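Visitor: Hi! Could you walk me through this one?
Guide: Happy to. Here it is.

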Amino acid sequence: KEIIRHMMLNDRTRLDGRSLDEVRVLTLETDILPSPHGSALFTRGETQSLTTVTLGTKEDELLIETAASSKYSKFILHYNFPPFSTGEVKMMRGPGRREVGHGNLAMRSLRKMMPKNDYPYTVRVVSDILESNGSSSMATVCAGSMALMDAGVPLPKHVSGVAMGLISGADGKFAILTDILGDEDHL
C-alpha cells in the first residue's frame, strides 16, 4: 500500500501506468437490445454498464413513502451490482447499501436533465453492472444518459461522470486521481 502511495505521489504514475489525470479507454454502443425503448452499453477500462430505459404511463409511477410524506415519482433508476461483476461467487439477494447509495448518486445526476412536469411518460432506467474495476456508478450515469437519448427522451444535455480520488502523504504531497481503479479506491 505504501509503495503504491509513494509511486503516485513521487513518480506521478498509477498502478496501470496511466498519468494521474488520464481516463481509461471508453467505448459506447447504443440501441443494442431489441425490446426496451432505449439501451446502451458503456465501458471504461474494466468497468461496464448495460443500461436500459423503458417508458411507461402515469399508472407506472413509483409510490415513495416516508414517515412524513407520500409522493409519486415519474423517474425511477435501479442499479444492480451482481457479485460476478467483481469476480465474486455469492448469493444474489435484494439491494444492499452499496446498490442503494450508488443508485441514488446516479439517479440524482440523471434526474436533473429530465424534462419538466409536462413530460407525459414515466421513465424507468435499469443499470446492470457487468464488470467493475472502479467508477461503476459513474458508468451508470454515462450509459443512462445515452440510453435515455436512445429512447427519445428529450434531454437538454449529455450527462457523464467519472470517479475522482485524493491521495496525500505525511510530507504534504498530494495527488488528485481521475478515473480511479478499484485498487486505488482504498488509498
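Visitor: So what runs between β4 and β5, and how many residues sit there?
Guide: Before that, keep in mind that this is a predicted model. β4 and β5 make a hairpin, and four residues lie between them. The two strands, residues 62–65 and 70–73, run antiparallel and are joined by four bridges.

Visitor: Which residue does Leu-63 partner with?
Guide: Its bridge partner in β5 is Tyr-72.

Visitor: Let me zoom out. How many helices and strands does the protein chain have?
Guide: There are four helices and nine strands. Along the sequence, the pattern reads α-β-β-β-β-β-β-α-β-α-β-β-α. The C-alpha atoms fill a box of roughly 60 × 40 × 35 Å along the principal axes.

Visitor: And what share of the residues counts as buried?
Guide: Of 187 residues, 42% count as buried. As for contacts with a separation of 6 or more, 63% of them come from residues 24 or more positions apart.

Visitor: What's the strand order in the open sheet?
Guide: The five strands go β1-β2-β3-β7-β6, and the pairing is mixed. β1 (26–30) and β6 stand at the edges with a single partner strand each, so one side of each has no neighbour in the sheet. From one strand to the next, the twist averages 15 degrees.

Visitor: In which sense do β3 and β7 pair, parallel or antiparallel?
Guide: Antiparallel, over nine bridges. For a landmark in that pairing, Leu-55 has Val-123 of β7 as its bridge partner.

Visitor: Which strands does α3 lie across?
Guide: α3 lies across β1, β2, β3, β6 and β7, and runs at about 145 degrees to β2.

Visitor: Why would you say α3 is largely enclosed?
Guide: Because 12 of its 15 residues are buried, the rest of the structure largely encloses α3. Among the buried ones are Met-138, Val-141, Cys-142 and Leu-148. The cover over the buried residues includes β2 (38–44), β3 (47–56), β6 (75–80), α2 (97–111) and β7 (122–131).

Visitor: How does the span of α3 look against the expected value?
Guide: It agrees: the 15 residues, 136–150, should span 21 Å at 1.5 Å a residue, and the end C-alpha atoms are 20 Å apart.

Visitor: Pick one residue in there. What does Ser-145 touch?
Guide: Leaving out residues up to four places away in sequence, Ser-145 touches Leu-110, Leu-155, His-158 and Val-159. Ser-145 lies in helix α3, and with a relative accessible area of 1% it is buried.

Visitor: Now backbone angles. Which residue just after α3 takes a positive phi?
Guide: That's Gly-152, with a phi of about 90 degrees.

Visitor: A glycine doesn't surprise me. What about the others?
Guide: Most residues other than glycine have a negative phi. Ser-135 has a positive one, near 65 degrees. Ser-135 is found in the loop between β7 and α3, and its relative accessible area of 10% makes it buried.
Guide: Asp-179 also has a positive phi, near 65 degrees. Asp-179 is placed in the loop between β9 (174–178) and α4 (182–185), and it counts as buried at 0% relative accessibility.

Visitor: Switching to rings: how many aromatic pairs are there?
Guide: The structure holds two. Tyr-79 and Phe-81 have ring centres 6.3 Å apart and planes at 20 degrees, so that pair is stacked. Tyr-119 and Tyr-121 have centres 5.5 Å apart and planes at 65 degrees, so they are edge-to-face.

Visitor: Why is one called stacked and the other edge-to-face?
Guide: The plane angle decides, because planes under 30 degrees apart count as stacked and those over 60 count as edge-to-face.

Visitor: Are those rings buried or exposed?
Guide: Tyr-79 and Phe-81 are both buried. In the other pair, Tyr-119 counts as buried at 11% relative accessibility, whereas Tyr-121 is partly exposed, with a relative accessible area of 40%.

Visitor: What lies over the face of Phe-81?
Guide: Arg-98 does, at 3.8 Å from the ring centre.

Methods. Residues numbered from 1 in each chain as written. Predicted model: local features only at pLDDT ≥ 70, side-chain atom pairs only at ≥ 80, totals over all residues. Heavy atoms only, no water. Pairing = 2+ DSSP bridges. Phe/Tyr/Trp six-rings, centres within 6.5 Å; stacked < 30°, edge-to-face > 60°. Buried < 20%, exposed > 50% of the residue type's maximum accessible area, 1.4 Å probe, protein only. Lys NZ or Arg CZ within 6 Å of the ring centre and 35° of its normal. Expected span 1.5 Å × (residues − 1). Contact = heavy atoms within 4.5 Å. Axes fitted to C-alpha atoms, helices over the stretch in contact; angles between N-to-C directions.
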